[in-house]
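Visitor: I would like to learn how to read a structure feature by feature, with the general idea first and the particular case after it. Could we begin with the contacts of a single residue?

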Amino acid sequence: MRSHFHLFVYGTLRAGGSADELLAGCDRVAQATVAGTLYDIDGQYPALVLAGQGRVEGEVWRCPVDRLPALDAYEGVDDGLFRRVGVQVGEYACWTYVAGPKLASRLTADRRLARERW
């Protein structure tokens, strides 16, 4: 069993973001991008959809496995706010959080970010 995992973050978990303390004890290993579309959710946080022609900017972090429950709770996985999915980011197989079913009605054209960075 692995003791660490890689995580691609693109919003509030990024270094300097409002929730970056959740990654205390993790190591930032790369700046990176993934193919997708980024939406602004009421100016509070972004939501990623892994579709579209854009390249969403973010960071890859190496984290201990025991951090997953806290990250899932923060992202509202059990409530359907976000889903944790696997994505290949350059050389790294990563987890990332994408828009879940509770955000579906809010992923409208007027909320799409013109630039692919939060």
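Guide: Let us begin with one residue and its surroundings, keeping in mind that this is a predicted model. Once neighbours within four places in sequence are set aside, Val89 is in contact with Phe8, Ala32, Thr33, Val34, Val60 and Cys94.

Visitor: Which residues have the most contacts inside the largest nonpolar core, and how many residues does that core have?

Guide: A nonpolar core gathers buried residues of the nonpolar kind that are joined through side-chain atoms within 4.5 Å. Here the largest such core has 35 residues, and Leu7, Phe8, Leu23, Val60 and Val89 are those with the most contacts inside it. Two or more residues come from each of β1, β2 (27-35), β3 (37-41), β4 (45-49), β5 (55-64), α1 (68-74), β6 and β7. With 5 residues, β7 gives the most to this core.

Visitor: How many residues of β7 are buried, and with which strands does β7 pair?

Guide: A residue counts as buried when its relative accessible area is under 20%. By that cut-off, strand β7, residues 92-99, is mostly covered, since 6 of its 8 residues are buried. On one side of the pairing list stands β1 (residues 4-9), which joins β7 in the parallel sense over 2 bridges, and there His6 has Cys94 as its bridge partner. Strand β6 (residues 82-89) runs antiparallel to β7, and 8 bridges join the two. Within that antiparallel pair, Val87 stands opposite Cys94, while Arg83 has Val98 as its bridge partner. Cys94 is thus a partner of His6 and also stands opposite Val87.

Visitor: How should I read the turn that links two such strands, and which residue takes a positive phi in the hairpin of β6 and β7?

Guide: As a general idea, most residues other than glycine have a negative phi. The hairpin of β6 and β7 has 2 residues between its strands, and Gly90 takes a positive phi near 60 degrees there.

Visitor: What is the phi of Asp42, given that it is not a glycine?

Guide: Asp42 has a positive phi of about 55 degrees, and it belongs to the hairpin of β3 and β4, which has 3 residues between the strands. Its place is the loop between β3 and β4, where a relative accessible area of 42% makes Asp42 partly exposed, because partly exposed covers values between 20% and 50%. The strands on either side, β3 and β4, run antiparallel and are joined by 5 bridges, and in that pairing Tyr39 stands opposite Ala47 of β4.

Visitor: Is Leu48 of β4 buried or exposed, and what is it in contact with?

Guide: At the level of the strand, 4 of the 5 residues of β4 are buried, so β4 is largely enclosed by the rest of the structure. Leu48 is found in this strand, and it counts as buried because its relative accessibility is 0%. Apart from neighbours within four places in sequence, its contacts are Tyr10, Val34, Gly36, Thr37, Leu38, Val56, Thr96, Tyr97, Val98 and Ala99. One of these, Tyr97, is 49 residues apart from Leu48 in sequence, yet the two C-alpha atoms are 7.3 Å apart in space.

Visitor: Where is Gly52 found, and what is it in contact with?

Guide: Gly52 is found in the loop between β4 and β5, and at a relative accessible area of 48% it is partly exposed. With neighbours within four places in sequence left aside, Gly52 is in contact with Gly36 and Thr37. From Ala30 it is 22 residues apart in sequence and 23 Å apart in space, C-alpha to C-alpha.

Visitor: What is the volume of the largest pocket, and which residues are the closest to its centre?

Guide: For a pocket, one reads the volume together with the lining. The largest pocket has a volume of about 190 Å³, and among its 14 lining residues the closest to its centre are Thr12, Pro46, Tyr74, Glu75 and Phe82. Strands β1, β4 and β7 are the elements that give two or more residues to this lining, whose residues divide into 10 nonpolar, 3 polar and 1 charged.

Conventions. Residues numbered from 1 in each chain as written. Predicted model: local features only at pLDDT ≥ 70, side-chain atom pairs only at ≥ 80, totals over all residues. Heavy atoms only, no water. Buried < 20%, exposed > 50% of the residue type's maximum accessible area, 1.4 Å probe, protein only. Pairing = 2+ DSSP bridges. Contact = heavy atoms within 4.5 Å. 1 Å grid on protein atoms, 1.4 Å probe; cavity = no way out; pocket = protein on both sides within 12 Å on 5 of 7 lines; lining within 4 Å. Points joined across faces, edges and corners; volume = space filled by probe spheres on them. Nonpolar A, V, L, I, M, F, W, Y, C, P; charged D, E, K, R; others polar.
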